[in-house]
Amino acid sequence: MHILSLVVSAMAFGRCSLLSWSDCGVDFRAPASTDISVTCGTMSIDLAIVFCPAIYCGYNESLLILNGMLDDPACRGTLDDGVSPAVLRFSFPINEAKACGSVFRTFSASGTGIFGDFSSVQRVNISGVVVSSDTGTGTVTYRSDLKYFFSCAYPLEYLMDNTQMTVAASSISVQDKNGSFISTLSVELFNDISFAAPMVFPKTGIELRTPIYTQVKAIDLSTHLHVFLHRCYATVSPQSQNSTIHDLFVPCSLGKNTIIHQNGVGHRARFSFPAFRFLEQQDRKTSTYFIHCLIRLCESATCVLLLQCKNPVKRSAVEQTELMTVSSPAIIIRAEGVLAAEVQTGTSEHFYILRRKVAVVTGGIALIIVVVTAIAGIFYRTFKARTQA
């Protein structure tokens, strides 16, 4: 066994490993299930694998690959020999498109802890494996196949509400207490139904009844999760608390002027409404308010159930995730009464100036008529006197 170990370690050293068997000490041994530790963070999943057992089996740091993704350098580990024992580190974002082939699955389970009142709670499980790659071309090999499995399970509502998460793996520590998924959500306002040209509000505001096309978008979201608008409303305050509220729509009840263009079928939810103003701001030249939307994430099948407003039992069975609120930029509306008054004032001044001009012209014509009449009278009297003489 000792001779075999020396031969294997020499093979690893010959492949330019940054670490040799002589640096390992007591950690130069066969692999164990406890060699991998997993950190399920809010932005990424981080793995640390004790590396000396991999050297023992004849591998260097370039031959352990995340999910076997050989062609992607981002899926290879980085050796950290500044800690004892030395570890090979992997890190990838919680983003299905950039997770090096890790598997994202949503499942339901009985609620526990803060979800204890729910019979079924959805979670997203992210799992994968770091595997060894044997590049030998011979008939036989002396290397054992290495597989380090990992998984992290996030309550689905965590993706929206920065709350606690539960995880499962060989050895796990939770690094971040506060999530940052909310930073991937935004409310955008557009000019038309193409949702291409952002709406710009001048200081004087836009006209009443101007259509405002609203989009709630999530980025870096797993492909099988959709954005579902639970409720959207307007307030005069940037914060929704202690403010007058005007509902644009609530669950299964649409405002008479609100149109839903897309909801629960992708990473974007869209609706539109005509610009209005709050009566409490009627004495101002502009009315300013904000749109707030309560959002949840759901899988396609769950979103379909949420949209089935005719079956409240089904809706209550799936509405077990927390809601997250996102808000729009300020919406500025010009009050028509103020504009009308300004136009009316301008019109009055115009007619006043016009009347003055007419009066001047009329007076001038009258004066000319008087002068002409006087001159005609003088010529007439002179002509009559000469005729009589």
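Student: Why does Cys232 count as buried?

Tutor: In this predicted model, Cys232 has a relative accessibility of 0%. Buried means under 20%, so Cys232 counts as buried.

Student: What makes Cys232 and Cys293 a disulfide?

Tutor: Their sulfur atoms lie 2.1 Å apart. The cut-off is a pair of cysteine sulfur atoms within 2.5 Å, so Cys232 and Cys293 form a disulfide. Cys293 is at 0% relative accessibility and therefore counts as buried.

Student: Why is the disulfide of Cys232 and Cys293 called right-handed or left-handed?

Tutor: The torsion about its S-S bond is about 115 degrees, so this disulfide is right-handed.

Student: Which parts of the chain does the pair tie together?

Tutor: Cys232 belongs to strand S12 (residues 225-235) and Cys293 to strand S17 (residues 286-299), so parts 61 residues apart in sequence are tied together.

Student: How do you know that Cys24 and Cys52 form a disulfide, and what is its handedness?

Tutor: The sulfur atoms of Cys24 and Cys52 are 2.1 Å apart, and the limit is 2.5 Å, so the pair qualifies as a disulfide. With -90 degrees about the S-S bond, the link is left-handed. Cys24 sits in the loop between helix H1 (2-14) and strand S1 (36-40), while Cys52 is in helix H2 (residues 52-56), 28 residues apart.

Student: Are Cys24 and Cys52 buried or exposed?

Tutor: Cys24 has 6% relative accessibility and Cys52 has 3%. Buried means under 20%, so Cys24 counts as buried, and so does Cys52.

Student: What about Cys298 and Cys303?

Tutor: Their sulfur atoms are 1.7 Å apart; the cut-off is 2.5 Å, so Cys298 and Cys303 form a disulfide as well. The torsion is about 85 degrees, so the link is right-handed. Cys298 is buried, with a relative accessible area of 1%, and Cys303 counts as buried at 0%.

Student: How many disulfides does a search of the whole structure find?

Tutor: The search finds five disulfides.

Student: Let's turn to the strands. What makes S10 and S11 a pair?

Tutor: Two strands pair if there are at least two bridges between them. S10 and strand S11 (residues 211-218) have six bridges, in the antiparallel sense, so they count as a pair. Val187 stands opposite Val216 in S11.

Student: Which strands are the edges of the open sheet, and why?

Tutor: The sheet has four strands in the order S10-S11-S16-S15, with antiparallel pairing. Strand S10 (185-190) and strand S15 (259-262) are the edge strands: each pairs on one side only.

How values were computed: Residues are numbered from 1 along each chain as its sequence is written. This is a predicted model: local features need pLDDT of at least 70, side-chain atom pairs count only at pLDDT 80 or more; totals for chains, interfaces and linings use all residues. Side-chain values use heavy atoms; hydrogens and water are left out. Helices (H or I, at least four residues) and strands (E, at least two) are DSSP runs, numbered from the N terminus. Buried means under 20% relative accessible area, exposed over 50%, partly exposed in between (1.4 Å probe, protein chains only).
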